[in-house]
Amino acid sequence: MDTTDGNQDKSEERLLSAASLKTFMMKASTESNLNLYDHLTCLLIKVMDEQPQNVVDVIEDMSRDVKQVCFEDNRSTLRDLPQTTAAELLAEQQRLLFSQPEETDQEEELMETPLPNVSEIGFYMEQAGVGLGREEMQRVFLALKQLVDSQALLCCRLWGKILGTESSYIVAEAEYREGEEEQSTEEVAEEEERKADVRENEMDPLPHSTYKALPAVPKEALGTGANKFLYYVCKEPGLPWVKLPSVSPAQITAARLIRKFFTGRLDTTVVSYPPFPGNEANYLRAQIARISAGTQVSPQGFFQAGEEEGDEEDEAPRDSYEMNPDFEGVAVAEMAESLSTWVHHVQHILQQGRCTWVNLAVKPGEDSNEEGEAEEKEEEPDEPEPEVGPPLLTPLSQDAEMFNTPPWTSKVSSTLTSQHAVAVLRSNLWPGAHAYACGKKFENIYVGWGLKHAGEGYIPAVPPLAQREYPSGPDITEALDPSVEEEQVLKEALEEQQADKEEMEDSDEQEEEDDD
Amino acid sequence: MDSNSLYYSLELVAGSGSTLNVEQRTALQTSLVILKKNYKFRRVLFWGKILGLKEDYFIAQGRGEDEMQDKKTLYSFNCMDWLLLPPATDSMIEEVSKSAKGRFVGDPSYVYEHFEIRRQGGRDDALQKEEIKVNEESRLAVTVHQIDKEASVVPRGAFIKSPHGLVQVNRSFGGLSHAEAGKLDNFFHFSEAKNLKKKSILEMSDLNPAIDFLDVLSDDIPKGSWSLQLECASRVLVLRSLLWLGLTFYHVPMTPQHGYIYIGDGTKNLDLPFML
């Protein structure tokens, strides 16, 4: 009996301690909200399921795995946020490029279209080792079509691409149409100035600067000189095209002095020394004008000088040309051999920042070209020497050499099948500018950073000397203090003078008395 | 870029403006296979093109077992006949940096001359004229070496370093995710690490020694010497070096495809600090 009781007691005791241990083990941790009992159960189930070898050696790792699974399970209840990638957003934009046009008239198709055949250009460009990639070229083609349709342009051309640090610009060149007006930015600036004046009147007048800026060189009218063409840019084919503002001579001269990368955002300010007047859109436009003037070339004979000039004014540079209907094409080998078979067909930009020189000594108000030139002939004595650039359609062989590098490199696209090759011209002065010619066809394209070759290294302009604070004169220059002797000498001299004066006065009075 | 995926890769880096024409591409497909066999390379990369005034140099690189150490560079004018470039030594680098100026000409035997005037013992009359002559072939070797050192790029995880120090292609590299690909931290210079030893222990603790054995692009000085963009309908990540204009790297996120090519005039953009 005793023994059975004792056994019962012991087993009860055991049960009790087991129960207490179980409750202890089932106590949830305050940190992870797990308990040991469940954990061990899971662990043993895992061991039974997997039956790994040498369980005892890896039990710690398995225990950690079990805990990790719990943790991951918890995390997976978070819902996944679908991430929109840039590709998806762009694809939505570019979908519009591929939309089918609604019924086009057959007649219209037969007419000459302003849309260039970019695929063909792309093919020749690829022969020349330039290009944007075939697919990209096709997208650009469609984007150009969109531009031509939306803006009703007369003539349009793919000018090229300018790389930026954040995104790139695809540039399209369009012919200026008569009657198209642009709200000139100068007017806006003037208005702003007026507003500023009003504000100044209200406030305490501040000391005015006596600095007078040099008279600004007037902008060239739309459709002439550096503003001959309009330019549209877009970041990616499918995104909207933005028209660039026209360029002013000040912007061109400032762009010549600075060396900056494009960022890819048109509205950023150009932080540079010397300061650039305008934002990146203006800078882009100025660089496009400079690149066009330097690198737009065509085979000799493709264009001929316009008929209306050459009679009255010989010195006035030619500014128009027309297509030569009799152009037969130059042999490819010859074009690759000599630079004299290529000519510039965009006007050279003068030091002044304009294609046609304007006399700044002439009073403002008469800034139209003809009047300026008419006045030139009157030969004022302090007349500045008019600048004359090389005339239009000058052969490339006359281009100046800079930094000991020839300005152009020419070659044939293929050495193995040279019968069907194209002649390729690469500019060394504007890295990225290319031209090809093949039979009667030719094209220019620029793909690059929009920067000119700078030779050994770019040297930024030095700031001008500081202006003097005040004009120096005798009243403000410091003199040495006189010594005692000097003072006395001066005193005596003054006294003598005084005495003389008195005498004089006396005599004067006497004379006056005599007169009376 | 790997010669096996040359056609595809060229299309992706074409956004920089330079490509190869069909004749050159097909010639490369043939000649690089022969090159690989003759020199017993593990793989051959088409490295790029250096534009000369008269001729262009096409450059290929063969890789051996160790991707970083066993490199051989070859050049060609017609994409068919390849010539081995000498390895760039320190003395060669010094001589080239002193004398070679301006653009490449396109003739490997062209000699650049440079006169160095040294004053001896402080006396004015003891001027010693020293002439340094460097041919264009060694200039080419040095330029390729420098571009590789300063501007070669690989995505993080594309190469692994074994405990024995062997650097090899990581076969299990699956590409960076779209979010990762937008950060410069996930791209490495594929050259001997220099900044890694300067890092503090705290920064080092996050790094995986098998993968993070190279320098990160985001540590480059000046900041902003890389332009990171999405191209080809925003599917491809393109990195352009602003220090070596003409170097373009591409990586298609979520795929192991990556590579770089240099098509440029072989001069370093020393004006970079002014241009940012």
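In the predicted model, a nonpolar patch on the surface is formed by A:Leu44, A:Ile45 and A:Met48, which together present about 310 Å² of accessible area. Of these residues, A:Leu44 is placed in helix α2 of chain A, a helix that comprises residues 36-50.

Helix α2 of chain A also contains a salt bridge pair, A:Glu50 and A:Lys46, whose positions are four residues apart, or about one turn of the helix. The side chains of A:Glu50 and A:Lys46 meet at 3.1 Å, taken from N to O. The two partners fall into separate accessibility classes: A:Glu50 has a relative accessibility of 47% and therefore counts as partly exposed, whereas A:Lys46 counts as buried because its relative accessibility is 19%, the limit for burial being under 20%.

A surface patch of negative charge is found elsewhere in chain A, where A:Glu492, A:Glu495, A:Glu496, A:Asp500, A:Glu502, A:Glu503, A:Glu505 and A:Asp506 gather. One of these residues, A:Glu502, is located in helix α13 of chain A, which covers residues 484-515. With a relative accessibility of 45%, A:Glu502 is classed as partly exposed.

Across all chains, the search of the whole structure yields 22 salt bridges. In chain B, the side chains of B:Asp2 and B:Arg43 are joined by one such contact, with an N to O distance of 2.9 Å. Because B:Asp2 belongs to the segment before α1 (6-13) and B:Arg43 to strand β1 (residues 43-51), this pair ties together parts of chain B that are 41 residues apart in sequence. Both B:Asp2 and B:Arg43 are buried. The two residues are, moreover, members of a network of salt bridges in which B:Arg63 and B:Glu67 are also linked.

A further salt bridge in chain B is formed between B:Lys133 and B:Glu113, with the closest N and O atoms 3.8 Å apart. This contact likewise links distant parts of the chain, since B:Lys133 lies in strand β6 (residues 127-135) and B:Glu113 in strand β5 (residues 111-119), the two residues being 20 positions apart. As regards accessibility, B:Lys133 reaches 52% and so counts as exposed, given that the exposed class begins over 50%, while B:Glu113, with a relative accessible area of 44%, is partly exposed. The pair of B:Lys133, which is exposed, and B:Glu113, which is partly exposed, can thus be set beside that of B:Asp2 and B:Arg43, in which both residues are buried.

Notes
Residues numbered from 1 in each chain as written. Chains lettered and ligands numbered in written order. Predicted model: local features only at pLDDT ≥ 70, side-chain atom pairs only at ≥ 80, totals over all residues. Heavy atoms only, no water. Patch = residues over 30% accessible without salt bridge, like charges linked within 9 Å, V, L, I, M, F, W, Y side chains within 5 Å. Areas by Shrake-Rupley, 256 points an atom, 1.4 Å probe, with all protein chains shown as cover. Salt bridge = Lys/Arg side-chain N within 4 Å of Asp/Glu carboxyl O. Lys, Arg positive; Asp, Glu negative; His and termini not counted. Charge placed at Lys NZ, Arg CZ, Asp CG, Glu CD. Buried < 20%, exposed > 50% of the residue type's maximum accessible area, 1.4 Å probe, protein only.
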